[in-house]
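These are my notebook entries on one structure. I set down what I looked up, entry by entry.

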4 protein chains.
Amino acid sequence: MPQIRVTIWNEYRHEREEERFAKVYPEGIHGAIAAGLREHDGLEVRTATLDEPEHGLSDSVLDATDVLFWWGHKAHGDVADETVVHVHARVLDGMGLVVLHSGHFSKIFKRLMGTSCDLKWRAAGERERLWVVDPGHPIAAGVGEYIDLDHEEMYGEHFDVPPPDALVFVSWFAGGEVFRSGCCYNRGAGKIFYFRPGHESHPTYFNADIRRVLANAARWAAPVAGPRRVFGNTQPLETLELLRP
Amino acid sequence: MPQIRVTIWNEYRHEREEERFAKVYPEGIHGAIAAGLREHDGLEVRTATLDEPEHGLSDSVLDATDVLFWWGHKAHGDVADETVVHVHARVLDGMGLVVLHSGHFSKIFKRLMGTSCDLKWRAAGERERLWVVDPGHPIAAGVGEYIDLDHEEMYGEHFDVPPPDALVFVSWFAGGEVFRSGCCYNRGAGKIFYFRPGHESHPTYFNADIRRVLANAARWAAPVAGPRRVFGNTQPLETLELLRP
Amino acid sequence: MPQIRVTIWNEYRHEREEERFAKVYPEGIHGAIAAGLREHDGLEVRTATLDEPEHGLSDSVLDATDVLFWWGHKAHGDVADETVVHVHARVLDGMGLVVLHSGHFSKIFKRLMGTSCDLKWRAAGERERLWVVDPGHPIAAGVGEYIDLDHEEMYGEHFDVPPPDALVFVSWFAGGEVFRSGCCYNRGAGKIFYFRPGHESHPTYFNADIRRVLANAARWAAPVAGPRRVFGNTQPLETLELLRP
Amino acid sequence: MPQIRVTIWNEYRHEREEERFAKVYPEGIHGAIAAGLREHDGLEVRTATLDEPEHGLSDSVLDATDVLFWWGHKAHGDVADETVVHVHARVLDGMGLVVLHSGHFSKIFKRLMGTSCDLKWRAAGERERLWVVDPGHPIAAGVGEYIDLDHEEMYGEHFDVPPPDALVFVSWFAGGEVFRSGCCYNRGAGKIFYFRPGHESHPTYFNADIRRVLANAARWAAPVAGPRRVFGNTQPLETLELLRP
């Protein structure tokens, strides 16, 4: 079985600019995610960051990417529109996309969703409990009934995204909110998974269950060798005699 | 605009058999729901209970019912299978059905869902907060971002129902659980709404927001004058020449 | 019951520039749609066209619009991006949007869908049969099992849109194609209906069933007085003591 | 990677009782399906038929079944209710189920769907064209834009099933009908795929594309090692202090 080629894209500014975040993620958020994915079979992992040339997402990198992970927060506006257009086209052509936490406000996610992707938030480091609501979904393989995170930023409803095509996790927060935390979307020939946890000030991406979910998501979002999608003007009606009963 | 004819069906055993429940619902749970619906326009309300002849659901009653509400708990097994078969057929033919709280285990709901409809529960009278996750849905009209209930029984995931065709409410519970509390289903020509709150020991059906949701649900679930559904053997192919371009 | 205020937006170039289209739609496509809606109760109808100032979609017009219909084809690029941004925000805030036929490639529809919205087509004037696949849906009220159109442009799968939140019509074409012709979407607090038929060279908008579907769609897409959607930073955790059990 | 264990259940009466069907399927319909699956990797295939003891579906067989295929037609009523109850429970616990053609009226499919599962039909051996409408779905891997079958029984809408959780194929028929031919459902921890073609009088199960779809369906429907689903009364609220922020 061929490896799934994953590229983890990270804004990588928090960790370089503020020591408190560097302490949590000394190898960067992308480094922690990459280490987590490497604990699981069948995944070939590379990383890319905002401040690399072409944001690390050249055509040759994207050509070699089955599933792209996306973590961004304070520099969404620095991502070139051209990159967003390229990534968007790739997703519709089948590349998987896993959008993490504050990536909800990334250009690529908003473009794919068609909504504001806005939400409620509170940075109080409170308890989050992610309940599995679709226990037969491949993204929930190997986890328990719920995943507990002692300290996370809160995201609350209303989350302005389209109704997910499959809803895998719903979060409970100590402060009284709920959130649709694991949302699957099919767009074009591509699959998109939004996964809520992962604030830069909490070691969420070192959690074994979170890592398992990310590995599952990579496998679920990998491209399928489906039919080439054909658009545009099609054959004249006169040639269709064969269709007659 | 013609009135929507609602029949509220209640098991009506708790309130007759135990004083503590009679104190909460002196007119029965059905009585409280009926009073709540009567506060809203366009609804013509009657009630029916388990221990009436034919469970109060004769053909003539069902003929005059656009939307049936269903509250049951400890006597699901006493509902005649024949009644369930009749109600099931009516729903597929377009009658709306609003299933309340412990009605999740009713014969009619399980038959329509095709799953166990099982769930987790705890009778601790804890706080429930129902968040609206689909603010454009007609069932959410006139309510705020959430509905707070100071004391309710907890229902928790996993809730073994099909993925809802629309998810309107998600509940947060003080004890750490979440629940898909407002679930819409389209089955045949009929619409079904499951609404979680309403334990017999709490005055939930006197809450103005809950009453508003129930009135909205009655309007949403009312039958639509759609096409008659035609099944079975159809015209021979030879007669289809008109379809040729 | 208050009237639903509908604004029908039409590109209105085909009918002014080519006599063969003017013959089919002497009052413009918008004129035919408006006349059709006026045959039905509860709708207050106005029109707007591309070459009016602000494309006829000033703030005051949009303020007075519950549901916007959109027909465009060859001049999608002439619609100002600013207008698209305004309409997009209105839809997320609850304004209904009914996108017609070649409007599948309009800026506003592509922005809301997040996909290419591409499809297959053939202009052979062949027979289209629109089957109702969701007979309980309000948009199917009053029509039969299917709607026959003797001559229409063909649109075929793959139609690159998100999986619809409800699928009401599927078209059969004489030349061998199918198409998801009536697609409902919920986005933000707004509702969107895409309806396939309506090529400029066929008198589709004079068909009584098509007119009925459009009137149904206007009613279905009308805004709901749901909760105000609240986003952003929320109250500090310390104030949440009331939530404790 | 462990093999997926598939059991193909066939009514196996047509082929034994009428020579014209035996000619099409000399090894039985189950034999042709089994041969088709064996052309694909990763599947371990066995068969079972109605007239074997326990219909060939003893506990030990079901214990060794990851995905059950179901073909039945004229003897649905001969399947023991007890068997249906067992299979139903297995599906909710995660066993995959692939229901074929006239299996739409099987007890197990109706029980899982909760609807009549009725449809329109015509036995004219007309052309069917199955269009892929979800090209990124794993069940569509390796097939083209559509699958052409020269001669098949027609099934037409309205098909009285719940809205599918994913719609993969829509059929076009020469006689003017359409049909939702490839429907995915998630029920409990299990996955169900309904696939329309496969009348006993046509050699559909020898078609290479149909066989590929069936193999894909087996892989898609295979159980996921998700969380054990826990139901019933849960821990008392007093023990939940750890949940406090």
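**Entry 1. Chain A as a whole**

I looked up how far apart in sequence the contacting residues of chain A lie: among contacts with a separation of 6 or more, 73% join residues 24 or more positions apart. I note at once that this is a predicted model.

I then recorded the secondary structure of chain A, which has 7 helices and 10 strands. Its radius of gyration is 19 Å, close to the 18 Å that the globule rule gives for 245 residues, so chain A is as compact as a globular protein of that length. The C-alpha trace of chain A spans about 70 × 40 × 35 Å along its principal axes. I also looked up burial and found that 62% of the 245 residues of chain A count as buried.

**Entry 2. Helix H7 of chain A**

I next turned to helix H7 of chain A, which covers residues 208-221 and has 14 residues. From its first C-alpha to its last, H7(A) reaches 20 Å, close to the 20 Å expected at 1.5 Å a residue.

Is H7(A) largely enclosed by the rest of the structure, or not? I found that 10 of its 14 residues are buried, so H7(A) is largely enclosed. Among these buried residues are Ile210(A), Val213(A), Leu214(A) and Trp220(A). Arg211(A) and Asn216(A) also appear in the list of buried residues.

**Entry 3. Strands S7, S8 and S9 of chain C**

I moved to chain C and followed three strands. S7(C) and S8(C) run antiparallel and are joined by 6 bridges. They form a hairpin with 4 residues between them, and in the turn Gly176(C) has a positive phi of about 115°.

S8(C) is also joined to S9(C) by 6 bridges, and these two strands run antiparallel. This hairpin has 2 residues between its strands, and Gly188(C) in the turn has a positive phi of about 60°.

I looked up the burial of S8(C): 9 of its 10 residues are buried, so S8(C) is largely enclosed by the rest of the structure. Within S8(C), I singled out Cys184(C). On the S7(C)–S8(C) side, Ala166(C) stands opposite Cys184(C). In S9(C), the bridge partner of Cys184(C) is Phe193(C).

**Entry 4. Phe193 of chain C**

I stayed with Phe193(C), which lies in strand S9 (residues 190-195) of chain C. Is Phe193(C) buried or exposed? There are 26 other C-beta atoms within 10 Å of its own, and a residue is buried if that count is 20 or more, so Phe193(C) is buried.

Which residues is Phe193(C) in contact with, leaving aside its neighbours within four places in sequence? I noted Val98(C), Ile139(C), Cys184(C), Ala217(C), Trp220(C) and Ala221(C). Cys184(C) thus enters my notes both as a contact of Phe193(C) and as its bridge partner. I also looked up Trp121(C), which is 72 residues from Phe193(C) along the chain; their C-alpha atoms are separated by 20 Å.

**Entry 5. Where chain C meets chain D**

I counted the residues in this contact and found 15 from chain C and 15 from chain D. On the chain C side, strands S5 (120-132), S7 (166-173) and S8 (178-187) each give two or more residues. S5(C) gives the most, with 3 residues. By class, this side has 9 nonpolar, 2 polar and 4 charged residues.

How are the two copies related? A turn of 180° with a shift of 0.0 Å along the axis lays chain C on chain D with an RMSD of 0.0 Å. The copies are thus related as by a two-fold rotation axis. In chain C, the C-alpha nearest the axis belongs to Trp172(C), at 3.3 Å. I found that 100% of the interface residues of chain C are also interface residues in chain D, so the copies meet through the same surface.

**Entry 6. Where chain D meets chain A**

This contact takes 33 residues from chain D and 33 from chain A. The elements of chain D that give two or more residues to its side are strands S5 (120-132) and S9 (190-195). S5(D) gives the most, with 4 residues. I recorded 16 nonpolar, 10 polar and 7 charged residues on the chain D side.

A rotation of 180° with 0.0 Å of shift along its axis superposes chain D on chain A, with an RMSD of 0.0 Å. Asp165(D) comes closest to this axis among the residues of chain D, its C-alpha lying at 3.8 Å. Here too, 100% of the interface residues of chain D are also interface residues in chain A, so these copies meet through the same surface.

Conventions. Residues are numbered from 1 along each chain as its sequence is written. Chains are lettered from A and ligands numbered from 1 in the order in which they are written. This is a predicted model: local features need pLDDT of at least 70, side-chain atom pairs count only at pLDDT 80 or more; totals for chains, interfaces and linings use all residues. Two residues are in contact if their C-beta atoms, placed from the backbone, lie within 7 Å. Ala, Val, Leu, Ile, Met, Phe, Trp, Tyr, Cys and Pro count as nonpolar, Asp, Glu, Lys and Arg as charged, and the others, Gly among them, as polar. The radius of gyration is taken over C-alpha atoms; the globule rule is 2.2 Å times the number of residues to the power 0.38. A residue is buried if 20 or more other C-beta atoms lie within 10 Å of its own, exposed if 12 or fewer, and partly exposed in between; C-beta atoms are placed from the backbone. Copies are superposed by least squares on the C-alpha atoms of residues with pLDDT of at least 70 in both. The expected span of a helix is 1.5 Å times one less than its number of residues. Two strands pair if DSSP finds at least two bridges between them.
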